[in-house]
Amino acid sequence: MSNCINRNCRLCNKLVLSQSITFTDDTLVINLPANNYGNCCSYCIILAQSIPETTTINAPVVFTIGTGTTQYPFLNCDCTPIYASQVRTRHKYKVRVNTAVNDGVFKYIGDCCLPSNATTVAQSIPVPTTPAPAVTQANVVQQVNTTARK
């Protein structure tokens with residue numbers, strides 16, 4: 001006899017199990033079942049398959065849907081990309097989908113940011129620099145004459 005107290009056993013309709021996990025083009029691709037993933041809607045995604053052994057820790061994680069090839073990035077709660085080193089199989093990731101025209105992202109909305117041990121290169125946003133003054137023959141002659149007088 002079962003010890004189940006709740007007689008209406010069922011899974012939440014927002015629970016999504018991955019269909020496949022592959023590592024291609026230096027990206028960890030998680031395929032989700034074909035469905036309409038609505039803007040600002042929350043889902044719980046479980047990585048049901050094993051992560052390929054060839055996956056590198058710096059591989060960004062993206063989602064594809066059904067037979068589509070469009071890749072949707074998986075972002076941390078602080079809007080940084082999530083890398084392969086941050087995800088585990090058979091773990092539930094609560095996400096919120098944000099969409100734009102022909103684009104979208106899956107944003108992790110768990111209790112805290114996913115820890116990362118990926119070795120990413122620290123880069124900064126390019127800052128415009130003032131161009132160096134152009135060197136002309138007149139400037140060189142003037143500088144030579146000024147140093148010769150001293």
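# Cysteines, a hairpin and a core

Colleague: Is C40 buried or exposed?

Modeller: C40 counts as exposed, because its relative accessibility is 52%. Buried means under 20% relative accessible area, exposed over 50%, and partly exposed lies in between, using a 1.4 Å probe and protein chains only.

Colleague: What sort of model is this?

Modeller: It's a predicted model, where local features need pLDDT of at least 70 and side-chain atom pairs count only at pLDDT 80 or more, while totals for chains, interfaces and linings use all residues. Residues are numbered from 1 along each chain as its sequence is written, and side-chain values use heavy atoms, leaving out hydrogens and water.

Colleague: Back to cysteines. How many disulfides are there?

Modeller: Zero, taking a disulfide as a pair of cysteine sulfur atoms within 2.5 Å.

Colleague: Why is C12 not bonded to C44?

Modeller: The C44 sulfur is the closest cysteine sulfur to that of C12, but at 6.5 Å it is too far for a bond. C40 is in no disulfide either, as its nearest cysteine sulfur, in C41, is 7.4 Å away.

Colleague: New topic: which faces does strand β2 have?

Modeller: β2 covers residues 20-24, with I21 and F23 on the covered face and S20, T22 and T24 on the uncovered one. Strands here are DSSP runs (E, at least two residues), numbered from the N terminus.

Colleague: And how many bridges join β2 to β3?

Modeller: Five, and the two strands run antiparallel, with β3 at residues 27-32. Strands pair if DSSP finds at least two bridges between them. T22 sits opposite V29 of β3. Together they make a hairpin with two residues in between, and D25 in the turn has a positive phi of about 50°.

Colleague: Which residues touch the most others in the largest nonpolar core?

Modeller: L32, I45, F74, V87, Y93 and F106, out of 24 residues. Such a core is a set of buried Ala, Val, Leu, Ile, Met, Phe, Trp, Tyr and Cys residues joined through side-chain atoms within 4.5 Å. Several strands each supply at least two of its residues, including β2, β3 and β8 (103-108).

Colleague: How many aromatic pairs turn up?

Modeller: Seven in the whole structure. Phe, Tyr and Trp rings (six-membered for Trp) pair if their centres lie within 6.5 Å; planes under 30 degrees apart count as stacked, over 60 as edge-to-face and the rest as tilted. Y37 and F106 have ring centres 6.0 Å apart and planes at 65°, so they are edge-to-face.

Colleague: Where in the chain are Y37 and F106?

Modeller: Y37 is in the loop between β3 and β4 and F106 in β8, 69 residues apart. Both are buried.

Definitions and conventions. Helices (H or I, at least four residues) and strands (E, at least two) are DSSP runs, numbered from the N terminus.
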